Amino acid sequence: MTAPAFDSVVAGALREEAGIRNRRVLKACGWTAFAAGVLYFTATQIGMKPAALVAGLPFMWDFLTRLLPPDLTYFQYLVGATIETVQIAIWGTLLAVLFSVPLALLGARNTTPHILVFHATRMFLNALRSINELVFALIFVSAVGLGPFAGVLAIALHATGMLAKFCAEEAEGVEKGQVEAMQATGASKLQVILFGVIPQVIPAFISYTIYRFDVSIRSATVLGLVGAGGLGFSLIKTMKLFKYHETATCILVIFLLVLVSDWICAKLRARVL
Amino acid sequence: MDNQPTAPRTALSIRGLSKTYKGGLEALRDVNIEVNEGEFLVILGPSGAGKSTLMRCLNRLVEPTAGAIFHQGREITSPKQNLRDLRRQFGMVFQQFNLVKRVSVLTNVLTGRLAYRSAWRSLFYSFPQADKRIAVECLARVNMEHKAFQRADTLSGGEQQRVAIARALAQQPAVILADEPVASLDPKIARQVLNYLKQISRELGITVLCNLHQVEYTREFAERVVGMSRGTVVFEGVSSQLTDEVLHRIYYRDPGDADREDAE
């Protein structure tokens, strides 16, 4: 290539680069303006007024002074509720594990018996995931009555949706070679899943189950608000009775419980992975 | 083995086999191969020659588009063929070993017995004592019994491939299909693995089909060679017949260059 020709090729590429950059900047400006407009509109729609927050500060201060200090003698009455909260989380998560294994296999493209079963399962799981535990708890409180069992069922259903979807996606991402090797031995479909898929999914599944248990503890602390047992019930009870110092104790215990559970679960997950 | 074989019996007869993948890739074009009972046959060719597809047609992991395969006189490509029965007669060994990484070596070998057992029993990951005996014997054949209880992913590449051979053996197969079994191993380990395969073929009378892309190993180990290039068989003979001309035919027929090269 001659020198002038070479120079013109280089100049052409640089011109093109400048054009691409200009277009990109223009595009970014347009999107930023659009996003700002949408955000401003939503803020006015939902009544976000910083002035209201400032005006409300004295009331918040008033509430805080009524809460503090926490009534530490109330601790002894919360031991039972704390244990109940953990128990709700344990059984809720355990049931979710039992339900989610078959659902995950039905809801993964490579293990499902039929594509329609796959779609139906995913739809069902999405429904479970989209409904909050509190909503489930309301339903189950009216079905099985006030108390922790309603909480267990609420957590079990929601966690099933989460666990099964996660597990199904893991199953879809397994190393194909191991699956092919199992097919090549003449193993049946179920055997291929048992030996080619499940061993590959187990570590992630255990890890996610532990994480889910941690989340379930947090959920179990509020389920009592709708009468489904645990610390939340003590929280709402003391509040309704205007015993704010005891309410503060409840909040403190919830905080500590979540802290401890978070710590333990993090340790456990680190050991699995 | 001192009983003199008379005329070799045909184990596998591949007739007019073609495979075109969805999307139009022609992996095999009218492939005809006769494989003798108990022989160690190397299928030699560059990557993309169709060797892997050919093997996967034999145990029907891939369905051929046209043609037929006969095993001991029975057509195994017929739609009536039971796939479990078929596949357990063909042990397979892979380039990437494909062991179930998170379970023990012994369990991996036991998976070779799955086709003989019901799914209900497998649900509990349990195997009968007889299967365990077979599995340990197969491990001993490749000198890996001392690592039976180790997790498969703790083994070196060569060890993993030996376990994979034991898994194939546990199927008590008539044929072993080895798809580039030494492509990810260093030369010393590669020869060791090929020696095990050859020994198994000789001692147990198992027919071994072995895909290779290395000429050196082919010369050393093959009893007979089939050369493949771009989905067709371009050579059939013993390894001493692998002349430069033959190798050129196998390796350097680039797409589109065929006519020009033929003229050279």
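Reader: In what order do the six strands of the open sheet of chain B run, and what makes the pairing mixed or uniform?

Author: In this predicted model, the order of the six strands is S6-S7-S8-S3-S9-S10 in chain B, and the pairing is mixed. One of its parallel pairs is formed by strand S7 (residues 175-179) and strand S8 (residues 207-212) of chain B, which are joined over five bridges. Since two strands count as paired once DSSP finds at least two bridges between them, the five bridges between S7(B) and S8(B) satisfy the criterion. Within this pair, Leu177(B) has Leu209(B) of S8(B) opposite it.

Reader: Which strands of this sheet are called edge strands, and what makes them so?

Author: The edge strands are strand S6 (90-93) and strand S10 (232-237) of chain B, each of which pairs on one side only. As for the twist, neighbouring strands of this sheet are turned by 20 degrees against each other on average, with direction ignored.

Reader: How is the sheet of four strands in chain B ordered, and why is one side of S2 and of S5 left without a neighbour?

Author: This open sheet has the order S2-S1-S4-S5 in chain B, with antiparallel pairing. Strand S2 (26-36) and strand S5 (74-75) of chain B each have a single partner strand and stand at the edges, so one side of each is left without a neighbour in the sheet.

Reader: How do you know that S1(B) and S2(B) pair, and in which sense do they run?

Author: Strand S1 (residues 10-20) of chain B is joined to S2(B) by seven bridges, and the two run antiparallel; the cut-off for pairing is at least two bridges, so the pair qualifies. Thr10(B) has Asn36(B) of S2(B) opposite it, while Lys19(B) has Leu28(B) as its bridge partner in S2(B). The two strands form a hairpin with five residues between them, and Gly23(B), which lies in the turn, has a positive phi of about 100 degrees. Helix H1 (residues 51-58) of chain B packs on the sheet, where it touches S1, S2 and strand S4 (66-71) of chain B, and its direction makes about 60 degrees with that of S2(B).

Reader: What does chain A contain in helices and strands, and how does its radius of gyration stand against that of a compact globule?

Author: Chain A has ten helices and zero strands. Its radius of gyration is 27 Å, whereas a compact globule of 273 residues would have one near 19 Å, so by the globule rule of 2.2 Å times the number of residues to the power 0.38 the chain is not a compact globule. Along its principal axes, the C-alpha trace of chain A spans about 90 × 65 × 35 Å. The chain is divided into domain 1 (11-63) and domain 2 (73-272), and the centres of these two domains of chain A, taken over C-alpha atoms, are separated by 37 Å.

Reader: How many residues of chain A are in contact with chain B, and which elements of chain A give two or more of them?

Author: Here 19 residues of chain A are in contact with 20 residues of chain B, where contact requires C-beta atoms within 7 Å. The elements of chain A that give two or more residues to this side are helix H7 (176-184) and helix H8 (189-223), with H8(A) providing the largest share, eight residues. By type, the residues on the side of chain A that touches chain B are nine nonpolar, nine polar and one charged. For the complex, the predictor gives an ipTM of 0.89 and a pTM of 0.82.

Conventions: Residues numbered from 1 in each chain as written. Chains lettered and ligands numbered in written order. Predicted model: local features only at pLDDT ≥ 70, side-chain atom pairs only at ≥ 80, totals over all residues. Nonpolar A, V, L, I, M, F, W, Y, C, P; charged D, E, K, R; others polar. Domains from an automatic or database assignment. Axes fitted to C-alpha atoms, helices over the stretch in contact; angles between N-to-C directions.
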